[in-house]
Amino acid sequence: MRPIYLFSISSHPDAISINSLDITFFKPDIDFSKYDYLIITSKQASKALQQYDKEAYIDKKALCISQQSAKSFEELGGEVLSIGAGYGDTLVEAIERYPKESKWLYLRAKAVASDFVDICTHNGYKIDEAILYESDCSKAIENVDVAKNSILIFTSPSSVKCYLKNHTLSNKELIIVIGKTTAKALPDGIEYILSPETTIESCIKIAKEHI
């Protein structure tokens, strides 16, 4: 039976869950009243929002990148405007459905993988950015001892990059990635399975089919 390793900030009972990132939160001054909509691309953004007075932002609908990020905002009591397909690039089409006069606030990490903001602002859309958190590689992922012939699940580009700091990947492992952006972080020549849904549950289901 092949062990399943999940590299994520979330855990799953059917996998050896390795926390991939340590998160540091920031609280910049934000005048939420200036904006029509929020953009949320991770659960960490919703966690960071809890530092603010809920009444300041809760009436702003959020464009969320995935079902998970949407759920995290709804758990705060917020209303979701629209949900992307799990990739930053898919947010361009969603934003362009709204008038260029709309004012957006992207609640983001210090380092981001997608350039959807640049694309949208180049096309005349108004998007401000607020850095609410940053991620650093955890000691757990840097020092994990992975058994041979394992199944490895990566849930973000940063989880891949952090793993590769002290480890190598080969085609002896079965590698499952949660989305296309994560797949791009893999070294050239590494084979992988792309999850059809950007959820950990979907990745686990694939892994169980290959144990």
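**Exercise 1.** Is phenylalanine 7 buried or exposed, and at what relative accessibility?

*Solution.* The model is predicted. Start with the cut-off: buried means under 20% relative accessible area. Next, take the value: phenylalanine 7 has 0% relative accessibility, so this residue counts as buried. Apply the rule again to tyrosine 5. Its relative accessibility is 7%, so tyrosine 5 counts as buried too.

**Exercise 2.** Classify the aromatic pair of tyrosine 5 and phenylalanine 7.

*Solution.* Begin with the total: the structure holds 10 aromatic pairs. In the pair of tyrosine 5 and phenylalanine 7, the centres are 6.3 Å apart. Rings pair if their centres lie within 6.5 Å. Now check the angle: there are 10 degrees between the planes. Planes under 30 degrees apart count as stacked. The pair of tyrosine 5 and phenylalanine 7 is therefore stacked. Finally, look around it: ring pairs link Tyr5 and Phe7 with Phe154 and Tyr163 into a cluster.

**Exercise 3.** Classify the pair of phenylalanine 32 and tyrosine 52, and place both residues in the chain.

*Solution.* First, the geometry. The ring centres lie 5.5 Å apart and the planes stand at 85 degrees, so the pair is edge-to-face. Second, the location. Phenylalanine 32 is in the loop between β3 and β4, while tyrosine 52 is in the loop between α1 and α2. They are 20 residues apart, and the pair links distant parts of the chain. Third, the burial: phenylalanine 32 and tyrosine 52 are both buried. Last, the charge: lysine 27 lies over the face of tyrosine 52, 5.6 Å from the ring centre.

**Exercise 4.** Describe the five-strand open sheet and the helices that lie on it.

*Solution.* Write down the order: β2-β1-β9-β10-β11, with parallel pairing. Find the edges: β2 and β11 each pair on one side only. Inspect one pairing: four bridges join β1 to β2, and leucine 6 stands opposite serine 17 in β2. Add helix α9 (residues 200-208): it packs on the sheet, touching β1, β9, β10 and β11, and its direction makes about 160 degrees with that of β1. Add helix α7 (residues 157-166): it lies across β1 and β9, at about 130 degrees to β9.

**Exercise 5.** How do β3 and β7 run relative to β8?

*Solution.* Take β3 (residues 21-25). Five bridges join β3 to β8, and the two run antiparallel. Phenylalanine 25 has tyrosine 133 as its bridge partner in β8. Now take β7 (residues 103-109). Seven bridges join β7 to β8, and these run parallel. Here tyrosine 106 has glutamate 129 as its bridge partner.

Methods: Residues numbered from 1 in each chain as written. Predicted model: local features only at pLDDT ≥ 70, side-chain atom pairs only at ≥ 80, totals over all residues. Heavy atoms only, no water. Pairing = 2+ DSSP bridges. Phe/Tyr/Trp six-rings, centres within 6.5 Å; stacked < 30°, edge-to-face > 60°. Buried < 20%, exposed > 50% of the residue type's maximum accessible area, 1.4 Å probe, protein only. Lys NZ or Arg CZ within 6 Å of the ring centre and 35° of its normal. Contact = heavy atoms within 4.5 Å. Axes fitted to C-alpha atoms, helices over the stretch in contact; angles between N-to-C directions.
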